[in-house]
Structure formats: structure tokens, C-alpha cells
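Let's take a stroll through a two-part protein model together. Have a look at the sequence and the structure first, and then we'll pick the picture apart piece by piece.

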Amino acid sequence: MQLANKAAVTGVGDTDYTRDAGGRSALSLQLEAALKAISDAGIRPEDIDGIVMPSPSSPVVAEELVTNLGIPNLRFSTGTPLGGAGPVAALQCAAAAIASGICSHVLLTLGRTGRTGQRIGARIQQMPQFRIVGEFEAPSGALAPAQYYAPMARRHMEMFGTTSRQLAEIAVTTRQHAILNGNARMTTPLSIEDHQASRMIADPLRLFDCSLESDGAAAVVVSAADRARDLRRPRVLLAGMAEGHPDSPSAITQRGDMTRLGLAKAAPRAFAMAGVTPADIDVAEIYDCFTYIVLCQLEDLGFCGKGEGGAFVEGGALGLKGRLPVNTHGGLLSQAHIAGMNHVVELVRQLRGEAGRAQVPGAEVGLVTGYGDLGDGTLAIMTRG
Amino acid sequence: MSQMMPGKPMPDPSPETQPYWDGLAQGRLMLQRCADCGRIRHYPQPMCAACHSMAADWIEASGEATVHSWTVAHHPFHAAFRAELPYVLVTADLPEGVRLLAQLRDAKAEALRPGLKLRIGFEDNGAGLTLPVLRPAIPT
């Protein structure tokens with residue numbers, strides 16, 4: 001069975017992304033986003049027959065969506081606990097369930113009170129994926145993702161000459177896109193000098209290398225491709241999908257090559273499934289918990305060679321008029337941290353031509369990645385069709 | 001709620017990992033070795049990924065190490081570490097074929113480069129837990 005083009009994203013929805021959702025629960029935010037996505041698809045809540053929950057640390061379970069949305073015939077319910085790689089893994093999971101005939105319309109929601117609620121340093125303590133680093137590294141003072149990922153960036157700098165100013169290029173370009181978005185937290189222009197002057201968090205990662213903590217939710221509906229043809233919006237096909245897991249998935253410290261992510265294993269499979277190459281990609285939404293993670297993924301995706309990411313991102317190359325427009329919504333760095341579900345939503349809008357002032361003209365083939373849990377990688381290649 | 005500072009994160013050892021912590025308490029870095037194929041692994045785990053044996057014994061690390069990478073902590077992600085900021089966390093290659101993550105002593109991050117020779121030492125974390133630390137093999 002071939003998975004390519006068997007399913008399509010038919011609906012997307014999101015809430016306002018804020019610093020404070022005013023006491024609303026993660027469930028309330030997810031229900032708002034879900035209802036918008038279902039309406040966007042042109043179906044009714046009772047048409048949903050599958051749910052995949054991608055949220056890494058969400059308190060919301062599928063049963064609560066069923067109860068609130070009034071879904072009478074749920075046939076498939078599962079989750080993809082891959083941290084920030086979860087939303088894109090959930091796309092593949094939904095497509096597989098659809099292609100095998102289990103269900104027709106699958107709802108994916110992700111939302112949280114990530115700023116007003118529990119912060120990342122506390123959240124990961126509760127994730128079983130972090131048990132090993134929790135026992136062996138946290139006592140020495142390695143406590144948060146910034147500290148786990150910083151040695152990867154430092155190693156890249158030492159091996160390949162990558163610089164903090166090159167990381168700044170990613171932050172600056174992403175901010176430019178957020179300013180155009182209309183639903184982004186960070187809307188003040190940012191310069192490379194601003195980045196260089198920002199306080200150090202976990203050297204070499206500065207404040208503006210780090211993503212936001214946000215309140216908000218986003219949701220998508222994935223439907224059988226043949227059903228999608230008759231729905232409300234232009235069809236966006238899931239042409240290629242894959243997930244990849246790095247060596248030593250539970251501890252970056254023990255990873256033979258810490259400059260290579262799980263995405264390096266996944267990318268060739270997804271490109272082959274879609275029948276395209278990196279040169280065909282018009283727009284890319286790349287998971288950006290940290291600037292360095294974007295740079296490393298661009299290499300692992302094959303847009304440039306290993307060690308060439310620093311040069312690749314220079315000179316506004318990731319801007320709307322650059323060689324590869326990246327994170328056209330402002331990403332986790334400047335729009336909001338919705339664990340990459342906002343990246344999925346943005347790619348669909350780009351391929352429909354609904355991305356407003358950040359629209360990449362004529363975008364037909366796009367790519368979205370997820371990254372999480374110390375190196376898991378996922379990607380989905382979508383096409384307008 | 002009391003205003004007491006939260007304590008440092010402490011391990012919750014399992015029977016499989018307890019020998020590692022017992023070794024540190026005696027000032028020894030113990031590494032798990034497959035009792036069948038001899039492969040050394042770290043962190044401790046129940047199964048040898050090379051031969052799938054679940055029989056293991058423990059060897060003491062030589063104490064040698066070299067710099068693989070590092071980070072300097074500037075942000076207080078945990079209140080119990082605030083007083084120590086900034087501190088350097090070094091990822092070090094051991095000649096046994098595994099890596100160690102430990103705080104750096106007696107040197108600044110500026111002195112580090114991949115391959116720099118280090119020595120493993122031991123320190124109480126102030127809460128009764130012995131942790132490994134790393135120092136330059138040749139004082140800087």
C-alpha cells in the first residue's frame with residue numbers, strides 16, 4: 001500500500017496566540033481550534049471518525065473532544081508522543097489510518113497554557129522520554145532543552161566554523177515574517193546586533209535563539225483524498241511523510257554524531273515517497289525550538305551539506321524573497337510555541353494561497369518538519385492539488 | 001507555601017542503576033559492561049544493544065577524558081543552581097568508548113576545545129550526592 005496522496009489536509013484552525021489566555025483551559029483552547037478546523041473543512045463535528053493527539057504534554061485526551069464536540073462514531077483514537085515531532089508524526093498516522101480504510105476524517109488538536117501554566121523545565125520532568133537524562137544529567141545541572149541542545153550547537157561551531165551571527169540570521173528573518181502575520185506574539189523588528197546583545201541563556205544559545213512560551217491552540221483535519229475533492233477549500237495533499245529517530249534517542253550526550261538528527265534518516269524516505277527533491281520545495285516550515293535546530297535540519301533535509309548550514313542561511317536566504325522561504329508565520333521563535341502545529345497550519349495556508357502578507361507567490365510544493373524529544377524528526381511534504 | 005529554596009534534583013535509582021550511584025559515593029566512576037560480549041555502555045541499561053545479553057558487570061573508568069563539546073549555563077532553570085551560575089557543563093569522550101556529562105572545575109569555557117585532555121574527579125553536591133566533575137589534565 002502506498003501512502004502518498006491518499007490523504008489531504010482539508011481544514012485548519014487556530015486560536016489567538018497570547019501570553020495569557022485569561023484562565024481558559026487547554027481543553028477550551030483546543031475545542032475552539034478544532035471547531036474552526038472542522039468548519040474550515042466544510043464538514044460537521046459528527047463527521048469526525050478519527051482522532052490523533054500529538055501533544056507532548058497536553059492534559060487533554062481524545063475522550064474530552066468526543067464529549068464536547070459530540071462525536072458519535074469515533075473509529076480510531078491514538079497519540080504520537082514525540083514531543084515537538086508529534087504534530088507531523090500525527091499527520092502520517094492519520095494518513096495511514098485513512099489509507100487503510102479505518103476512517104475518513106481525522107482531527108488533530110494541540111493546545112496549551114504554555115506560558116501561564118507549567119513551563120518547559122517543569123513539563124519535561126513529567127515526560128517518560130526524559131527519564132534517563134533526568135536521572136543522570138539533571139543532578140549535574142542539565143535541566144532544560146536549551147542546555148541539552150546547546151552542546152550540539154557548540155560541536156557544530158567547533159567542527160564547521162558556524163557562528164552565532166549565522167544563528168542570528170534565522171532569528172531575524174523569522175521575526176520579519178512574524179511582523180507580517182497578524183497572529184504573532186513578537187512584532188518588534190529584530191536586528192543581528194539585537195540578537196548579539198541579548199543575554200546568554202545556555203552558551204552558545206542567546207535569548208533570541210530560544211523559542212517562546214505561549215498560550216493557544218491549533219488544529220487540523222486530515223481527510224481521505226477522494227473525499228477532500230468535494231470539500232470547501234482547495235485540496236492540500238499529503239504527498240510524502242516520514243519519521244526518523246536518532247542514534248541514542250534518549251541521551252544526546254551518548255550520540256555518536258550529535259550534529260545529525262533523526263530527520264536525516266527520515267528525509268530521504270519522505271522525498272522519495274513524494275517524488276520530489278529539496279530543489280522542488282517552494283516554502284518550508286521548519287520546527288524552530290532553537291535557531292540552531294533550524295540550521296541543523298536544513299542540512300539533514302538535504303538543502304545543503306552537513307556543516308554548510310551557516311553559509312546557507314546568510315544574507316536573508318530564508319526570507320520571502322530568499323532562496324528558501326522558511327517559517328513564513330514567525331515560527332516558535334516569534335509567532336508562538338504551539339509545538340509545531342502552527343507550522344502545519346501555516347504550510348496549508350501557504351499552499352492554498354491564504355497566507356496573507358507573507359504569501360510565497362505561487363507556492364505549490366511545501367514541507368513541514370517536527371523535532372522533539374532530544375532528536376526525533378518528522379517531515380511532511382504537501383502539494384496543492 | 002514555604003519560601004524554602006527547592007532542593008537540587010536528585011536521582012531516583014533503580015536496582016539496575018544503583019551500582020553507578022554507589023560507585024560515585026565511593027569516588028569511583030563505574031561503567032556497565034556486557035558480561036557476554038564485553039561491550040561497555042553508558043548510561044546503565046538492562047540489555048546489551050550489540051548482543052542482547054542481559055548479563056552485565058561493572059568496571060571502573062580510567063579517569064581519563066577529552067572534550068567533545070560543552071555549554072555554559074547562564075539562565076537559572078532551577079533555583080537550586082542559581083548561586084552557581086555561570087557553570088560549564090562538559091560533554092567528554094572517555095577512552096572506554098562512552099561519554100560523560102559533568103561540570104567543569106579549575107578552568108573557564110574559553111580554555112576548552114575539542115580533544116583537550118581532562119581528568120575525572122568527584123564532588124559532593126551539597127546534598128549528600130557525589131557527582132563526577134572534570135578538570136583539565138594539565139592545569140590551565
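Leaving aside its neighbours within four places in sequence, which residues is Leu379(A) in contact with? The list is Val88(A), Ala242(A), Leu263(A), Ala266(A), Ala267(A), Ala270(A), Leu367(A), Val368(A) and Thr369(A). Here, two residues are in contact if their C-beta atoms, placed from the backbone, lie within 7 Å.

Before going on, a word about what you're looking at. This is a predicted model, where local features need pLDDT of at least 70 and side-chain atom pairs count only at pLDDT 80 or more, while totals for chains, interfaces and linings use all residues. Residues are numbered from 1 along each chain as its sequence is written, and chains are lettered from A and ligands numbered from 1 in the order in which they are written.

**The core**

Back to Leu379(A): together with Ala94(A), Val220(A), Val222(A) and Leu238(A), this residue touches the most other members of the largest nonpolar core, which has 158 residues. A nonpolar core is a set of buried Ala, Val, Leu, Ile, Met, Phe, Trp, Tyr and Cys residues joined through C-beta atoms within 7 Å. The largest share of this core, 9 residues, comes from helix α3 (residues 86-99) of chain A. Helices (H or I, at least four residues) and strands (E, at least two) are DSSP runs, numbered from the N terminus.

**Two domains in chain A**

Chain A is split into domain 1 (7-118 + 215-228) and domain 2 (141-211 + 239-384); such bounds come from an automatic or database domain assignment. Their C-alpha centres lie 23 Å apart. Where they meet, domain 1 of chain A gives 27 residues and domain 2 of chain A gives 30 residues. On the domain 1 side, β1 (7-14), α3, β4 (105-113) and β7 (215-224) of chain A each supply at least two residues, and α3(A) brings the largest share with 7 residues.

**Where the chains touch**

Now for the two chains: 27 residues of chain A are in contact with 32 residues of chain B. On the chain A side, α5 (131-136), α6 (145-160) and β5 (200-203) each supply at least two residues. The largest share, 6 residues, is from α6(A).

What kinds of residues make up these two sides? Nonpolar means Ala, Val, Leu, Ile, Met, Phe, Trp, Tyr, Cys and Pro, charged means Asp, Glu, Lys and Arg, and the others, Gly among them, count as polar.

| Side | Nonpolar | Polar | Charged |
|---|---|---|---|
| Chain A, touching chain B | 14 residues | 6 residues | 7 residues |
| Domain 1 of chain A, touching domain 2 of chain A | 16 residues | 8 residues | 3 residues |

A strand pairing crosses between the chains too. β5(A) and strand β4 (residues 64-73) of chain B pair in the antiparallel sense over 2 bridges; two strands pair if DSSP finds at least two bridges between them. Ala202(A) stands opposite Ala73(B) in β4(B). Within chain A, 2 bridges join β5(A) to strand β6 (residues 205-206), again running antiparallel. A hairpin through 1 residue links β5(A) to β6(A), and Met200(A) has Arg206(A) as its bridge partner in β6(A). Strands of a sheet pair through backbone hydrogen bonds, either parallel or antiparallel.

**A closer look at chain B**

Chain B has 1 helix and 8 strands, and the helix leads in the pattern α-β-β-β-β-β-β-β-β. Its C-alpha atoms fill a box of roughly 50 × 45 × 25 Å, taken along the principal axes. An open sheet of 3 strands in chain B has the order β2-β1-β3, with antiparallel pairing. Its edge strands are β2 (40-41) and β3 (56-60), each pairing on one side only. Strand β1 (residues 30-34) of chain B pairs with β2(B) over 2 bridges, and there Gln32(B) stands opposite Arg41(B).

**One buried loop residue**

Val313(A) sits in the loop between α12 (309-312) and α13 (331-335) of chain A. Why is Val313(A) called buried? Because 28 other C-beta atoms lie within 10 Å. The cut-offs are 20 or more other C-beta atoms within 10 Å for buried, 12 or fewer for exposed, and in between for partly exposed, with C-beta atoms placed from the backbone. Not counting residues up to four places away in sequence, Val313(A) touches Gln166(A), Glu169(A), Ile170(A), Leu295(A) and Leu318(A).
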